[in-house]
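Okay, thanks for coming, everyone. Let me put this one up on the screen and then we'll walk through it.

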Amino acid sequence: MRDFLSEKVKGIKPSGIRRFFDLASTTEGVISLGVGEPDFDTPWHIREAGITALHQGKTFYTSNSGLPALKKAVSDFTLRHTGVEYNPDSEIFITVGGSEAIDLALRSIINEGDEIIYTDPSYVSYLPCIKLADGVPVPICLKNENRFKLTAEELENAITPKTKAVILAFPNNPTGAIMTKADLEKIVPVILKHDLLVITDEIYSALTYGDEKHTSISSLEGMKERTIVINGFSKAFAMTGWRLGYAMGPGEIISQMIKIHQFAIMCAPTVSQYAAVEALNNGDADVENMRQEYDRRRRYLYNELEKMGLPCFEPEGAFYMFPDIRQFKMTSEEFATRLLNEQKLAVVPGDAFGESGEGFIRISYAYSVSELKEAVRRLKLFTESLK
């Protein structure tokens, strides 16, 4: 049977996140801090909008690009939060989660052999999606001492005549790193100098915790016309199971993304789209309440890691910590496996997010404080047993 399988697909490794999640789910008594999923229910008024749509029989296909009302809501929401205006008829497209948008963006721009730069460690989808589109992945290994930010020098050094685009993902999964407006302004001249496209994955844009709010690179001079912005509802609105995202960008690229979506998907889930209209139009207070709770958990977990001597820079976005475990002289995989077996605590090995994640583990704090306290107790017992 293996002779019938695609060599390209066979060469892609399964997600390291899901592997540890599967291990944890089959072990009794495990506390899992491995999955990046909000522990909040979708706010009731958003669920109610979906229920109402269902009761009203709004269960038919929408247009391939999405409900006009939702695209208008995306446009208004984006203008309100980033200052960038997108035409809902030609520059906005509703997808099945942000992950579909990543895949379609890459398939729409890549010709065989095009080089796509991405930062490492990073979300697990970028590398395989580049390969599936016949592109050449070019990782930039970000450094802990730089707070896992991308510098202009690192970007310049990675560019070749074959480079077509760079993927930015800030706030970042798994590190929690952000790029401030000042940070982005330093890399924009490099992007413009080499005439590159940018795919910016801003799924965690609502979840930042410092003094400065998230800045989209598309808002900087000369960047909107060369940037594909990807966002969605899973993280900020606690809507993971609704499977809904969106892409915004130049109409020429968006139309090609819709073409692939048309043949592969048809349209995003209709009931989810009606719920999302409510989320964007009336959900800012819900997002802020969840953001404040994540911030409380973030400060608790960061302080506890410091107390137990696990070095970790203070993340300013998303809901992840990325502590350094190299002092224990074992790989990330060995550390995470032993922690699961000996203390029934599941985290994700850092190398699941790329080679430069080796020596780190990802801990999600999208869990209640009571769960985090028990997890900290188990982690402390484990690290003390290694000293």
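So, which residues lie nearest the centre of the second largest pocket? They're His81, Ser205, Ala206, Lys213 and His214, out of 30 lining residues. By pocket I mean, on a 1 Å grid over the protein atoms alone, an open set of points where a 1.4 Å probe fits, with protein on both sides within 12 Å along at least five of seven lines; lining residues have an atom within 4 Å of a point.

Quick caveats: this is a predicted model, with local features needing pLDDT of at least 70 and side-chain atom pairs pLDDT 80 or more, while totals for chains, interfaces and linings use all residues. Numbering runs from 1 along each chain as its sequence is written, and side-chain values use heavy atoms, with hydrogens and water left out.

Back to the pocket. Helix 4, a DSSP run of H or I with at least four residues, numbered from the N terminus, gives the largest share of the lining, five residues. By class, the lining has 11 nonpolar, 11 polar and eight charged residues.

Next up, helix 8. There's a kink of about 30° at Ile187, shortly before Pro189; that bend is the angle between axes fitted to the seven residues ending there and the seven starting there. Buried residues in helix 8 (under 20% relative accessible area, 1.4 Å probe, protein chains only) include Ile187 and its neighbour Val188.

Last, the cysteines. Disulfides, meaning sulfur pairs within 2.5 Å? How many turn up in the whole structure? Zero. For Cys129, the nearest cysteine sulfur belongs to Cys141, 19 Å away. Cys129 is buried too, at 11%.

Note on methods: A disulfide is a pair of cysteine sulfur atoms within 2.5 Å. Buried means under 20% relative accessible area, exposed over 50%, partly exposed in between (1.4 Å probe, protein chains only). Helices (H or I, at least four residues) and strands (E, at least two) are DSSP runs, numbered from the N terminus. Ala, Val, Leu, Ile, Met, Phe, Trp, Tyr, Cys and Pro count as nonpolar, Asp, Glu, Lys and Arg as charged, and the others, Gly among them, as polar.
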